[in-house]
Amino acid sequence: MSRICLIGGSGFIGLHIATVLVQQGHRLTVATRKAALPAFSVLPSVELASADVHDPARLAELISGHDAVVSMVGILHGSRAQFEKAHVQLVEKIVAACKQTGVRRLVHISALGAAQDAPSDYQQTKALGELAVENSGLAWTILRPSVVFGQDDAFINLFADLQKRLPLLPLAGARCRMAPVWVEDVAGAVSACLARQETVGSRLDLAGPEIYTLAELAQLAGRLSGHPRPVIGLPNSLAMLQGALMECLPGPTLMSRDNVRSLQWDNVSDQPFPSALLGFEPTALSALAPDWLAGRDSNFIASCYREKAGR
């Protein structure tokens, strides 16, 4: 049994990682700024720790006494300064806290497509965070997932919900190619990295076995959920205008100009899934999506508004 600290792990992907690690007998500390996380509270051997992880002293206190840290803070929308705070400065603080407290093992979840010359602030700052980890001197592993899917995701479900509401779906980045990876495979990768010394010092791309354009993913979501709609790809100028308008709308931001810039690069890998290193093969989206999308009547967009309002 190990003690593992999850930083940035209070959301969709973090819950699946926590569940897998608890099932394997590990004790977890999950940092959170929320008053309650009901989905985590039912997991045995999970401690929810209220913490401002941007405070170096509190961060060191949080990490102290653990055997490993899983760093996975990420934001999809914001200014350049906000991206740098979450993806670069916080990673540097996590590295410093690990060194201060003697915690050597760090698994860092970044993103496929992270590069300093990438078109978006999101991708550029993710790359700078990776650089901080690589230069840390710690026993690190970097995981770079493509877009992550699962029954409770904010991606495939969003497309299904939009097509339930709209007569057609205007889509930015329609031709962008993606290799969706199952959330359970991401969780399995984290678990394998923590268990396998041979993963130390590796940057591993986590790309699923199937490649789709964004338009094909939207069409799949609409078809399987029973609300197929025409999907209309937008030229970049209109896509940027759509992103700018959506940034101004009240409630959760569903698309931003920085997201549009990210979609200028394909989100696929030229490397095969690291099955030999991790000990398992990835699961295809087509094998799983019909099981949860067919006949779904949940309202993803409304749930986003409720979460933002704290209800």
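Reader: Let me start with a single side chain: is Glu-134 buried, partly exposed or exposed?

Author: Happy to begin there, and keep in mind that this is a predicted model. The general idea is to compare relative accessible area with two cut-offs: under 20% is buried, over 50% is exposed, and values in between are partly exposed. Glu-134 has a relative accessible area of 29%, so it is partly exposed.

Reader: And which residue does Glu-134 pair with in a salt bridge?

Author: For a salt bridge, look for a side-chain nitrogen of Lys or Arg within 4 Å of a carboxyl oxygen of Asp or Glu. Here Glu-134 pairs with Arg-203, and their closest N and O atoms are 2.8 Å apart. Glu-134 belongs to helix 5 and Arg-203 to strand 11, so this pair links distant parts of the chain, 69 residues apart.

Reader: Which other side chain meets Arg-203 in a salt bridge, at 2.8 Å from N to O?

Author: That is Glu-130, whose side chain meets that of Arg-203 at 2.8 Å, N to O. Glu-130 sits in helix 5 (residues 121-134) and Arg-203 in strand 11 (residues 202-206), so the bridge ties together parts 73 residues apart in sequence.

Reader: How do Glu-130 and Arg-203 fare for accessibility, buried or partly exposed?

Author: Apply the cut-offs again. Glu-130 has 3% relative accessibility and therefore counts as buried. Arg-203, with a relative accessible area of 41%, is partly exposed.

Reader: Which residues are linked in a network of salt bridges?

Author: When bridges share residues, it helps to read them as a group. The network here links Glu-130, Glu-134, Arg-144, Arg-203 and Asp-205. The structure as a whole holds 11 salt bridges.

Reader: Where do Asp-266 and Arg-177 lie, and how far apart are they in sequence?

Author: First the bridge itself: Asp-266 and Arg-177 form a salt bridge with their closest N and O atoms 3.2 Å apart. Asp-266 is in the loop between helix 10 (257-262) and helix 11 (275-278), while Arg-177 is in strand 9 (residues 177-178), and 89 residues separate them. Asp-266 is partly exposed at 36% relative accessibility, and Arg-177 is partly exposed too, at 34%.

Reader: Where is Gln-23 placed, and is Gln-23 buried or exposed?

Author: Gln-23 is found in helix 1 (residues 12-23). Its relative accessibility is 64%, so Gln-23 counts as exposed. Sequence and space can also be set side by side: Gln-23 and Gln-100 are 77 residues apart in sequence and 30 Å apart in space, C-alpha to C-alpha.

Reader: Now the whole fold: how many helices and strands does the protein have?

Author: There are 13 helices and 13 strands. To judge overall packing, compare the radius of gyration with the value for a compact globule. For 311 residues that value would be near 19 Å, and the protein has 19 Å, which agrees. The C-alpha trace spans about 55 × 40 × 40 Å along its principal axes.

Reader: What share of the residues is buried, and what do the contacts say about distance in sequence?

Author: Of the 311 residues, 52% count as buried. Among contacts between residues at least 6 apart in sequence, 77% join residues at least 24 apart.

Reader: How much area does the protein expose?

Author: About 13,800 Å², with carbon and sulfur atoms supplying 53% of it.

Notes
Residues are numbered from 1 along each chain as its sequence is written. This is a predicted model: local features need pLDDT of at least 70, side-chain atom pairs count only at pLDDT 80 or more; totals for chains, interfaces and linings use all residues. Side-chain values use heavy atoms; hydrogens and water are left out. Helices (H or I, at least four residues) and strands (E, at least two) are DSSP runs, numbered from the N terminus. The radius of gyration is taken over C-alpha atoms; the globule rule is 2.2 Å times the number of residues to the power 0.38. Buried means under 20% relative accessible area, exposed over 50%, partly exposed in between (1.4 Å probe, protein chains only). Contact means heavy atoms within 4.5 Å. Accessible areas come from the Shrake-Rupley method with a 1.4 Å probe; for residues, only the protein chains shown count as cover.
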